[in-house]
Amino acid sequence: MNAITPTKEERTEKLQGMGCKRKRVEDIRFVQGRGNYVDDLKLPAMLYGDFVRSPYGHARIKKIDASKAMALPGVLAVLTAADLKPLGLHYMPTLAGDVQAVLAEEKVLFQNQEVAFIIAEDRYVAADAAELVEVEYEELPVIVDPFKAMAAGAPVLREDIKDKTDGAHGKRKHYNHVFNWQIGDKDGTDRAFKKAEVTIKELISYQRVHPCPLETCQCVASFDKIRGELTVWGTFQAPHVIRTVASLISKIPEHKIHVIAPDIGGGFGNKVGAYPGYICAIVASIVTGRPVKWVEDRIENLSTTSFARDYHMTTEIAATKDGKVTGLRVHVLADHGAFDACADPTKWPAGFFNIVTGAYDFPVAHVAVDGVYTNKAPGGVAYRCSFRVTEAAYCIERAMDILAQKLGMDPAELRIKNLVRREQFPYQSALGWEYDSGDYHAAMKKAMDAVGYGKLREEQKAKQAAFKRGETRDLMGVGVIFFTEIVGAGPSRNCDILGIAMFDSAEIRIHPTGAVIARMGTKSQGQGHETTYAQIIATELGLPADDISIEEGNTDTAPYGLGTYGSRSTPTAGAATAMAARKIKAKAQMIAADLLEVSEYDLEWEIDRFRVKGNPERFKTMKELAWAAYNRVPKGLEPGLEAVNYYDPPNMTFPFGAYICVVDVDVDTGVTKVRRFYALDDCGTRINPMIIEGQVHGGLTEAFGIAMGQEIRYDEYGNVTGPTLMDYFLPTAVETPKWETDWTVTPSPHHPIGAKGVGESPNVGGVPCFANAVNDAFKFLGSTHIAMPHDHWRTWTVAEKLGVHG
Amino acid sequence: MAKTQVTMTVNGKAVEGLVEPRTLLIHFLREQLNLTGSHIGCDTSHCGACTVDLDGKSVKSCTLFAVQAEGGDLLTIEGMAAADGTLHALQEGFREMHGLQCGFCTPGMIMRGYRLLQENPNPSEDEIRFGISGNLCRCTGYQNIVKAIQYAAAKLSGASVKEAAE
């Protein structure tokens, strides 16, 4: 038919579909400084908001005097709780079923808590005015240690709910108690421990950290009084949820609220929740009738808008003498700060912590989590992980190493002995999950072969002997871990946020020329959705990715979705994209059959066309069918070619991986050098290997930061110490190790394209891998568990305590 | 607050404006000149998202008052591509080697890379890592940023460029 027919390979390559290293379309604007981030937005007559914040961790507010601030030229208003209370906006609901003060009413409960909101003509004047607001406080005793929160006679933190014995997740046993959540077989686990030949028990703490994206949280709110419509541009990982919440809180009908998330400068969980700044900017715009911008600075970001982890996990494993695990028991004390603002699916107050059996075949397990209030910032976000999954991975991976040490077994050997076997999938875990697919032993073997594991252990043995002879001051550590993640929240039967099921969506519209616009309910913050979703459509529909525009973040145009976090975009919206494309393809097939005058069943799909079976010269390309859809469709069929799909996943997906890290620790300085880091990830079907590798690099670097230095620390007075980039460790290019990446591919059997998600795996697996490596270095000196972060000072201190400094 | 007149050259064009003595250069660039490519990521001069080139040096424009740039010659990310839209080798390199994700650090990173290559046209990997250590990236883990700068170094020196990011 055609004079020059391109080959199959040429046609496939032209599509730039799944599996190819397509260059990112986003980059064209970003490399030229033409991104469109919230703070780039400039509206006529725009005002600026800034907060007056509490210098104390716990104090009663006696008086707020804003007269000097109000007298400053350029200041329009100073909002306090007294202004918000008549509107019912001095508290806002949290995602976790608690409430959080928007502006402190009678008490402040953590340092830097929001006390008053300045509205001024420019950001400098707003900052000046914040200094002029005089607040009189009466200091109260603080609780910063979660282990003391529920002591008898402990200070009452939340007076607003002091007498409430029923919390959002059941009975509260103390006025500073948030919830008790349990899962698993308690009696069976107790029996396993009674019968156990060997047990270990360790308090494994995961310090409080912060996601710290390079762009802080910010918004512009603009209320149009004439239309009664509110537009909010903001750093929102979940813009649709923000719109629904804004409507429920403000009583503005949802169709009159337009929430737009433009380009976002990294999120990592920080930008999932709703923060007082958003509410204040909205109120300020309603009050003034002008747009109001609120941009937090870095100190505000690190000390107020959420935190992550602060999980204190007392962990026990029961096992046989030859190293078969027989039971797992974990009690978690979870420090939730002053308000329970955890960003978890509503029914999961401890997230998916029950993935804590990890990649291992535990016959029985039990987990109990107690959340407590303290005088610290609220939050509890999933910092580059699915909900509480990195805590779980750190917990089980440290505990397996401790068990190996007790048994005198190699940690890799212990893991291999207990990994879930390939034939056990789909695997029912003791704590209630059904793992979809995996070949753990193959992945582990590939990783060990790649690094020459046996040789590393021989080298380590020789180095330890040399250390004992006084010939070296370096200790070599080998960290080995195997993780199972749980991502893609999630199925409506068990996942919702404030009652909204955690599906996600895609809408695809094919224009007559075969060009495409597609919109999803998710929101990229750097993951490259504009590139990868187009690759899915390209492969499904045979139209070049370069002819496909992807749009996210505008709640007026995108179909409803729950947003991007917990590595859920590919498992949910990625699936919706494939399903919507398949609806379009089915209609295109009907049109093709009509045009080619054959039955639909006589057609077969090939790359970019439907062709007649047995007669490949007779075909219609998708591009031709797009034109036909607007030109002549078969009788009884609607014109047009578009589809929408809301995808309710049948199950989570379970990416996994094997990581190995080699460190050298100088015992005299504590300086720990990462000699080698090898990461093998299995995220199922790989959509864009270049982007996957980039995600792994970034996640490993964040894991390196957490394991080796990050901590949001509070002193005994409730002062948050060092919430700036002077103190909070973000690795530079100099410290950051070089990463070796590798993969296996085990598609998810329940996902339309077999993809599982990848963005967070490297953080989940990376943190315990670094920690195990440092611990492994000191193990032969009698050390069992060294807590993170493994910065030089702490590592030196460990060496000092072990008596190696002479 | 009383305002002061400043004049400078930005991306080859003479510009002027009225600023408060305390106005930071980054705010002058972003809010008065509408050059929003340079970003603000911290309050302590650590992140480098605001890096621009001033009189032949990399400067963090959040740590300089606009008045300190009086009479200066500035280059920002908006001035990197050629007039016909052709990307600078660094811009091309960042895309080719997947040296960016969220894009927030990218303009500062590219401007730092620009000055680094002016000073050292053929840097080693360690020299690049040290050279960009005043610029933080939370997404990429730097490995591909290093490759992007190597790509640009090779291209600018006329060598054939390496394979794209693995």
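## Where the two chains meet

Two residues are in contact if their C-beta atoms, placed from the backbone, lie within 7 Å. With that in hand, let us look at this predicted model. Counted this way, 45 residues of chain A are in contact with 47 residues of chain B.

Which elements of chain A give two or more residues to the side that touches chain B? They are helix H2 (27–30), helix H9 (298–303) and helix H17 (689–708) of chain A. Of these, H17(A) gives the most, with seven residues. Sorted by class, the side of chain A that touches chain B holds 17 nonpolar, 15 polar and 13 charged residues.

## Chain B as a whole

Chain B is built with five helices and five strands. If you walk along its sequence, you meet them in the pattern β-β-α-β-β-β-α-α-α-α. The radius of gyration of chain B is 16 Å, close to the 15 Å that the globule rule gives for 166 residues, so chain B is as compact as a globular protein of that length.

The C-alpha trace of chain B spans about 55 × 30 × 25 Å along its principal axes. Of the 166 residues in chain B, 56% are buried. Now take the contacts in chain B with a separation of 6 or more: residues 24 or more positions apart account for 59% of them.

## A helix tucked away in chain B

Is helix H1 (residues 25–32) of chain B largely enclosed or largely open? Six of its eight residues are buried, so H1(B) is largely enclosed by the rest of the structure. To find them in the model, look for Leu25(B), Ile26(B), His27(B), Phe28(B), Leu29(B) and Arg30(B).

What do these buried residues pack against? Their partner is strand S2 (13–19) of chain B. After H1(B) comes Asn34(B), which has a positive phi, near 60°.

## Two domains in chain B

The domain assignment of chain B gives domain 1 (4–79) and domain 2 (89–156). Their C-alpha centres lie 21 Å apart. Where the domains touch, 16 residues of domain 1 of chain B are in contact with twelve residues of domain 2 of chain B.

On the domain 1 side, the elements that give two or more residues are strand S3 (51–54) and strand S4 (57–60) of chain B. The largest share, three residues, comes from S3(B). By class, this side of domain 1 of chain B has five nonpolar, nine polar and two charged residues.

## A seven-stranded sheet in chain A

Let us move to chain A. Here seven strands form an open sheet with mixed pairing, in the order S3-S7-S1-S16-S13-S14-S15. Strand S3 (75–79) and strand S15 (257–260) of chain A are the edge strands, and each pairs on one side only. From one strand to the next, the twist averages 20°.

Inside this sheet, strand S1 (residues 47–53) of chain A and strand S16 (residues 292–295) of chain A pair in the parallel sense over three bridges. You can locate the pairing through Leu47(A), whose bridge partner in S16(A) is Val292(A). Helix H5 (residues 123–132) of chain A lies across S1, S3 and strand S7 (114–120) of chain A, and runs at about 25° to S1(A). Helix H8 (residues 276–288) of chain A packs on the sheet too. Among the strands H8(A) touches are strand S13 (218–224) and strand S14 (229–234) of chain A, and its direction makes about 30° with that of S13(A).

## One residue up close: Val259(A)

Val259(A) sits in strand S15 of chain A. Is Val259(A) buried or exposed? A residue is buried if 20 or more other C-beta atoms lie within 10 Å of its own. Val259(A) has 27 C-beta neighbours inside 10 Å, so it counts as buried.

Leaving out residues up to four places away in sequence, Val259(A) touches several residues, including Val232(A), Phe236(A), Ile242(A) and Thr555(A). Val259(A) and His240(A) are 19 residues apart in sequence, yet 7.2 Å apart in space, C-alpha to C-alpha.

## A four-stranded sheet in chain A

Another open sheet of chain A has four strands in the order S27-S26-S25-S31, again with mixed pairing. Strand S27 (548–551) and strand S31 (642–647) of chain A stand at the edges with a single partner strand each, so one side of each is left without a neighbour in the sheet. On average, neighbouring strands of this sheet are turned by 15° against each other, direction ignored.

Strand S26 (residues 516–520) of chain A and S27(A) pair in the parallel sense over four bridges. One of the residues to look for is Ala518(A), whose bridge partner in S27(A) is Ile550(A). Helix H14 (residues 529–541) of chain A packs on this sheet, touching strand S25 (504–510), S26 and S27 of chain A. The direction of H14(A) makes about 130° with that of S27(A).

Notes:
Residues are numbered from 1 along each chain as its sequence is written. Chains are lettered from A and ligands numbered from 1 in the order in which they are written. This is a predicted model: local features need pLDDT of at least 70, side-chain atom pairs count only at pLDDT 80 or more; totals for chains, interfaces and linings use all residues. Ala, Val, Leu, Ile, Met, Phe, Trp, Tyr, Cys and Pro count as nonpolar, Asp, Glu, Lys and Arg as charged, and the others, Gly among them, as polar. The radius of gyration is taken over C-alpha atoms; the globule rule is 2.2 Å times the number of residues to the power 0.38. A residue is buried if 20 or more other C-beta atoms lie within 10 Å of its own, exposed if 12 or fewer, and partly exposed in between; C-beta atoms are placed from the backbone. Domain bounds come from an automatic or database domain assignment. Two strands pair if DSSP finds at least two bridges between them. Axes are lines fitted to C-alpha atoms, for helices over the stretch in contact, and angles run from 0 to 180 degrees between N-to-C directions.
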